[in-house]
Protein chains: 2
Amino acid sequence: MYHKIIIVGYLGRDPEMRYAPNGQPVTSFSVASSRRYTAGDGQVVDETIWFRINVWGKQAELCNQFLSKGRRVLVEGTLIPDTATGSPRIFQRRDGTAGASFEVRATTVRFLDRKGETAEGVIPDIETAEGLSDEEGIPF
Amino acid sequence: MYHKIIIVGYLGRDPEMRYAPNGQPVTSFSVASSRRYTAGDGQVVDETIWFRINVWGKQAELCNQFLSKGRRVLVEGTLIPDTATGSPRIFQRRDGTAGASFEVRATTVRFLDRKGETAEGVIPDIETAEGLSDEEGIPF
DNA sequence: ATTTATAATT
DNA sequence: CTTTTTTTTT
């Protein structure tokens, strides 16, 4: 009866801010989260997952203002399903083929520095970062 | 560079165990994670997300042995992408339409009791459950 | 160190 | 209190 996703990754592009019919700001951006592993046959494999992040309200404005392509972020949120199926929403690509994406509604976006280092010198790992501010967790 | 998903929900069916070419056991089952919210217009909405869980090795055997339809579980794991796209894998439904699913490789599956109560009387919430055993987190 | 491309949440 | 869909990972 609950789920939560936590992502650390890099923005693939500059964020885009829009306004919902209500006037609420939404900003969207894609985050790449990669891992490298060695397969059973010794091949090194790079696996990248792309998440489409949506963030609302004041955090939308902050993300739009301060984030840009290549910036690293920690996102906490929930996956957005197709409400008809409970699965990822299917959309039509330009070439007519079907596509789907991991869409996330962010509850928190934390800005991390570019080079794997915070102002203090080391990025807190996921376990510690999870406990940080939930509402306006922007380090400015 | 990292992501993690945590799910609490109910099995929609009995699990199914298979064996990978290596002889490693894999068991798969679907978990429904629902939330109810009141939309802006006052409508009460039930949103259910379905996750397809894959669990390997010894935990596969334990899940196959002890879980069944309707059982509640806490799953910790990572989303499995289509490696070609980094997005959910698209498959063809029987009727020819495209489908996709949230596939998860579980690192931990914890069995929860049916009625929202553990043997001790209360289910630990997500925050506390996250800190529990990572390897063989089966309460037997 | 980073694509592709839809539409709008509680 | 549950579902539709395939195949197999590190």
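## Exercises: DNA strand C and the two protein chains

A:Lys69 has a side-chain N or O atom 2.9 Å from a phosphate oxygen of DNA strand C. This is a predicted model: local features need pLDDT of at least 70, side-chain atom pairs count only at pLDDT 80 or more, and totals for chains, interfaces and linings use all residues. Side-chain values use heavy atoms, without hydrogens and water.

**Exercise 1.** Find the polar contacts (pairs of N or O atoms within 3.5 Å) to base oxygens of DNA strand C.

*Solution.*
- Start with A:Ser34: a side-chain N or O atom is 3.3 Å from a base oxygen of DNA strand C.
- Go on to A:Glu103: a polar side-chain atom lies 3.2 Å from a base oxygen.

**Exercise 2.** Describe the surface near DNA strand C (near: a heavy atom within 4 Å).

*Solution.*
- Count the residues: 26 surround the strand, and A:Tyr10, A:Ser30, A:Arg52, A:Lys69 and B:Tyr37 are the closest.
- Split the DNA atoms within 4 Å of the protein: 37% belong to sugar or phosphate, the rest to bases.
- Assign elements (strands are DSSP runs of E, at least two residues): β3(A) gives the most, with five residues. Chain B supplies at least two residues from β3 (25–38).

**Exercise 3.** Relate chain B to chain A.

*Solution.*
- Superpose by least squares on C-alpha atoms of residues with pLDDT of at least 70 in both. A rotation of 180 degrees with 0.0 Å of shift along its axis does it, at RMSD 0.1 Å.
- The copies are therefore related as by a two-fold rotation axis.
- Check the contact residues (heavy atoms within 4.5 Å): 100% of those of chain B recur in chain A, so the same surface serves both copies.

Technical notes: Residues numbered from 1 in each chain as written. Chains lettered and ligands numbered in written order. Near = heavy atom within 4 Å. Polar contact = N/O pair within 3.5 Å; in protein donor to acceptor, adjacent residues only side chain to side chain. Helix = DSSP H or I, 4+ residues; strand = E, 2+ residues; numbered from the N terminus.
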